[in-house]
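Student: Please take one part of this structure and examine it closely for a reader who is new to it. I should like to begin with the setting and then turn to the details.

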Amino acid sequence: MTRVVVQLVSALVHVAVTCDLGVQALAQIANMSPRNFSRAFSREAKVSPAEFVELARLDAARRLLEHDRNPLKTIALNCGFRDGQHMRDVFRRRLGVSPQQYRSSFGMVNAARQNG
């Protein structure tokens with residue numbers, strides 16, 4: 001798999017976090033078998049496709065929590081998580097905090113309180 005294909009799939013993941021981004025779907029985009037795609041992607045990107053997708057969704061959720069006042073459930077769905085609990089689980093595992101704690105620390109609501 002060339003670096004260009006990894007970059008293409010990576011870019012697609014970042015703009016389509018709410019879509020089906022399983023190995024089967026990503027492999028089809030890369031015109032490869034799921035097994036070959038997974039091995040090649042992992043070798044080139046240094047993370048599995050599933051981990052890459054999870055990190056992309058986490059980044060999208062972090063950005064929304066920093067700048068958006070929508071409910072956590074809405075943000076979870078807008079970032080491709082199954083539900084709010086799934087997003088909470090990923091936040092706790094990856095960042096050690098809940099989405100609400102993250103928003104309290106980094107969100108614009110907190111910034112407005114500190115400046116006001």
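**Helix H7 and the aromatic pairs**

Tutor: The protein chain exposes about 7,000 Å², of which carbon and sulfur atoms supply 51%. This is a predicted model. Its secondary structure comes to eight helices and zero strands, so that the pattern read along the sequence is α-α-α-α-α-α-α-α. Taken along the principal axes, the C-alpha atoms fill a box of roughly 55 × 25 × 20 Å. Of the 116 residues in the protein chain, 36% are buried. Where contacts join residues at least 6 apart in sequence, 55% of them link residues at least 24 apart.

Within this setting, the part to examine is helix H7, which spans residues 99-106. Three of its residues, Pro99, Tyr102 and Arg103, are buried. Because they cover an arc of only 100° around the axis, these residues lie on the same side of H7. A general point about helices is useful here. An α-helix has 3.6 residues a turn, so residues three or four places apart point the same way.

The aromatic rings come next. The whole structure contains four aromatic pairs. One of them joins Phe37 and Phe41, with 5.5 Å from centre to centre and 35° between the planes, and it is tilted. These two residues are four apart in helix H3 (residues 34-45), which means that about one helical turn separates them. Both Phe37 and Phe41 are buried. A second pair belongs to helix H7: the ring centres of Tyr102 and Phe106 are 4.7 Å apart and their planes stand at 40°, so this pair is tilted as well. The reasoning rests on a cut-off, because planes under 30 degrees apart count as stacked, those over 60 as edge-to-face and the rest as tilted.

Tyr102 and Phe106 also lie four residues apart, about one turn of helix H7. Their exposure can be stated for each residue. Tyr102 has a relative accessible area of 6% and is therefore buried, whereas Phe106, at 53% relative accessibility, counts as exposed. The limits behind these words are under 20% for buried and over 50% for exposed.

To return to the rings of helix H3, Phe37 and Phe41 form one aromatic cluster together with Phe52. In helix H4 (residues 49-67) one also finds Glu54. The relative accessible area of Glu54 is 16%, so Glu54 is buried. Leaving aside residues up to four places away in sequence, Glu54 touches Val90, Arg93 and Arg94.

Methods
Residues are numbered from 1 along each chain as its sequence is written. This is a predicted model: local features need pLDDT of at least 70, side-chain atom pairs count only at pLDDT 80 or more; totals for chains, interfaces and linings use all residues. Side-chain values use heavy atoms; hydrogens and water are left out. Buried means under 20% relative accessible area, exposed over 50%, partly exposed in between (1.4 Å probe, protein chains only). The arc is that of the directions from the helix axis to the C-beta atoms. Contact means heavy atoms within 4.5 Å. Accessible areas come from the Shrake-Rupley method with a 1.4 Å probe; for residues, only the protein chains shown count as cover. Rings of Phe, Tyr and Trp (its six-membered ring) pair if their centres lie within 6.5 Å; planes under 30 degrees apart count as stacked, over 60 as edge-to-face and the rest as tilted.
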